Amino acid sequence: MAEPAAGAPARPALRSLDDALAQLLSHAAALPTERIGTFDADGRVLAEDLVAALTVPPADNSAMDGYAVRAADCAAAGAVLRVTQRIAAGSVGAPLQPGEAARIFTGAPIPPGADAVVMQEDTQLLEAPAGSDVPQVRVQLPPSAGQWIRRAGEDVSAGRTVLSRGLRLTPQALGLAASIGADRLQVSRRPRVALLSTGDELVMPGDVPPEAMKPGAIYNSNRFFLRALLQRLGCEVQDLGIVPDRLDATLEVLRAAAARNDLILSTGGVSVGEEDHIKPAVQALGELQLWSVALKPGKPFAFGAIAREAGGVCHVCGLPGNPVSSFVTFVMLVRPFLLALQGCTALQPPRLAMRADFDWPRADRRREFLRARLNAAGGLELFANQSSGVLTSTVWADGLVDLPAGQTVRRGDTVSFVPLSALLA
Ligand code: AMP
Ligand code: MG
């Protein structure tokens, strides 16, 4: 990319968000995989198709505590049957003869011959008749055939792929894997990410109390949400703290971080000021592949790579310093990139078409992400201050309104809404 002449205004060619993301993804070669215990696989990306070697449930079984019967024996209301066996979950019954019922419990296999289960609330247990030790049960209402029976294979049939490669494992998926006997899973290894904050104005909370903060100093807030976001995405984070606003210091940190990480994630120092050293440092050590995205908030975003001496590359994502810009560029660009590195196939969050209960009269030439909240009337309201420095908006919001470049909104219009819950998972 050509450098602007000294003193000339910088006019970066803005890339659309979709183009920028496509470019990032074109560099996202999948990481190696590893085999881990299913217990430890929540949030990891599956690197194999998981095929069921058995049927679930393995046999027809009872959905209720009650009595397994032959429906034909109970065609008349109040039929009385002999209770000849008891089948608990985990045991197997004997064939049921005409006139017989089996006491049965939820999950226990239906005995051969039975074709319905009557729940115990619809029965009345009777004493054994004189001279017999076989109790009897009265079935109050005629059951329909198949009633309260869970069919073999209604969840999973043997040979079916129950979980596909590229799926990001949820707690439910771990349960399903376990239901077919999978105690270990092949998953992508965790991305190794170096996190660094640039800015001589930054102070760590805890280092200086609020009342002693010097003029011009601010607390480093980005480091906190970025580390948490990375961890939620399954990354191993090497937190390199605050890097001074000097080119030599930036070069040194980037060089060292590149040697042992898959990605370096920085905040701040990525614009065009003399104190912005991320971009020249990446250019000096490797290649800058992208700079500046037509996104609001979040225009200054740098993406590049530094070749490692040991082979391969370490990617670099330079996020803007303004906290909301940093947050939005992370969820819109870095998140899908990190998921793609892990081989994940679903990179985009679900979007909802929602009614705007707000006006947005000022169109911007960049695509905008507005912090919005659901109201009780089923519409969306905006946080009053959409400035890129107002982190409160991101805590207040339920999600982001994705507003195309050049678009205004009138109350009642339908807008595209991305729930934060989908972006933070
Ligand atoms: P920069 O991108 O470095 O020009 O920073 C843009 C704005 O974001 C400035 O007001 C910075 O003080 C602020 N900023 C940069 N880094 C952080 C951070 N880690 N936490 C909070 N604010 C920051
Ligand atoms: Mg700065």
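Which side chain makes a polar contact with the side chain of Asp402? The partner is Arg351, and the contact spans 2.5 Å. The description below concerns a predicted model.

## Asp402 in strand 25

Asp402 belongs to strand 25, which covers residues 399-403. Its relative accessible area is 9%, and because the limit for a buried residue is under 20%, Asp402 is classed as buried. The polar contact to Arg351 is therefore made by the side chain of a buried aspartate.

## The surroundings of ligand 1

The shell around ligand 1 comprises 14 residues, and the closest are Glu201, Asn220, Gly269, Gly321 and Asn322. Sorted by class, this shell holds four nonpolar residues, nine polar residues and one charged residue.

Polar approaches to the ligand come from both side-chain and backbone atoms. Glu201 places a polar side-chain atom 2.6 Å from an oxygen atom of ligand 1. The backbone of Asn322 contributes an N or O atom at 3.1 Å from an oxygen atom of the ligand. For Asn222, a backbone N or O atom is found 3.3 Å from a nitrogen atom of ligand 1. The ligand taken alone exposes 490 Å², of which the protein buries 76%.

## Aromatic pairs

Across the whole structure, three aromatic pairs are found. One of the pairs joins Phe303 and Phe337, whose ring centres are 5.4 Å apart. Their planes meet at 75°, and since an angle over 60 degrees counts as edge-to-face, the pair is assigned to that class.

Where do the two phenylalanines lie in the fold? Phe303 is part of strand 20 (residues 302-307), whereas Phe337 is part of helix 6 (residues 323-341). The pair thus ties together parts that are 34 residues apart in sequence. Phe303 is buried, at 0% relative accessibility. Phe337 likewise counts as buried, with a value of 0%.

## Charges over tryptophan rings

Two tryptophan rings are described here with a charged group above them. Lys279 has its charged end over the ring of Trp291, at 4.0 Å from the ring centre. Arg362 has its charged end over the ring of Trp360, at 4.8 Å from the ring centre.

## Cis peptide bonds before proline

The bond that links Val56 to Pro57 is a cis peptide, with omega near -5°. Pro57 sits in the loop that runs between strand 2 (50-51) and strand 3 (61-62).

A cis peptide bond also leads from Lys296 to Pro297, again with omega near -5°. The loop containing Pro297 connects strand 19 (295-296) with strand 20. Strand 20 is the element that carries Phe303 of the edge-to-face pair.

## Positive phi outside glycine

Trp148 is not a glycine, yet its phi is positive, at about 55°. This residue occupies the loop between strand 9 (136-139) and strand 10 (149-150). Is Trp148 buried, partly exposed or exposed? With 35% relative accessibility, Trp148 is partly exposed.

Ser292, also not a glycine, has a positive phi of about 80°. The loop that holds Ser292 lies between strand 18 (287-291) and strand 19. Ser292 has a relative accessible area of 2% and is consequently counted as buried.

## Residue pairs separated in sequence

Ala102 is located in strand 6, residues 100-104. Its relative accessibility is 0%, which places Ala102 among buried residues. How far apart in space are Ala102 and Gly66? Their C-alpha atoms are 8.4 Å apart, while 36 residues separate them in sequence.

Leu391 lies in the loop between strand 24 (379-382) and helix 7 (392-396). Leu391 is partly exposed, given its relative accessible area of 24%. From Leu391 to Ser325, the C-alpha to C-alpha distance is 9.5 Å, and the two residues are 66 positions apart in sequence.

Key:
Residues are numbered from 1 along each chain as its sequence is written. Chains are lettered from A and ligands numbered from 1 in the order in which they are written. This is a predicted model: local features need pLDDT of at least 70, side-chain atom pairs count only at pLDDT 80 or more; totals for chains, interfaces and linings use all residues. Side-chain values use heavy atoms; hydrogens and water are left out. A residue is near a molecule or strand if one of its heavy atoms lies within 4 Å of it. A polar contact is a pair of N or O atoms within 3.5 Å; within protein, one must be able to donate a hydrogen and the other to accept it, and residues adjacent in sequence count only if both atoms are side-chain atoms. Accessible areas come from the Shrake-Rupley method with a 1.4 Å probe; for residues, only the protein chains shown count as cover. Ala, Val, Leu, Ile, Met, Phe, Trp, Tyr, Cys and Pro count as nonpolar, Asp, Glu, Lys and Arg as charged, and the others, Gly among them, as polar. Rings of Phe, Tyr and Trp (its six-membered ring) pair if their centres lie within 6.5 Å; planes under 30 degrees apart count as stacked, over 60 as edge-to-face and the rest as tilted. Helices (H or I, at least four residues) and strands (E, at least two) are DSSP runs, numbered from the N terminus. Buried means under 20% relative accessible area, exposed over 50%, partly exposed in between (1.4 Å probe, protein chains only). A charge sits over a ring if NZ of Lys or CZ of Arg is within 6 Å of the ring centre and within 35 degrees of the ring normal.
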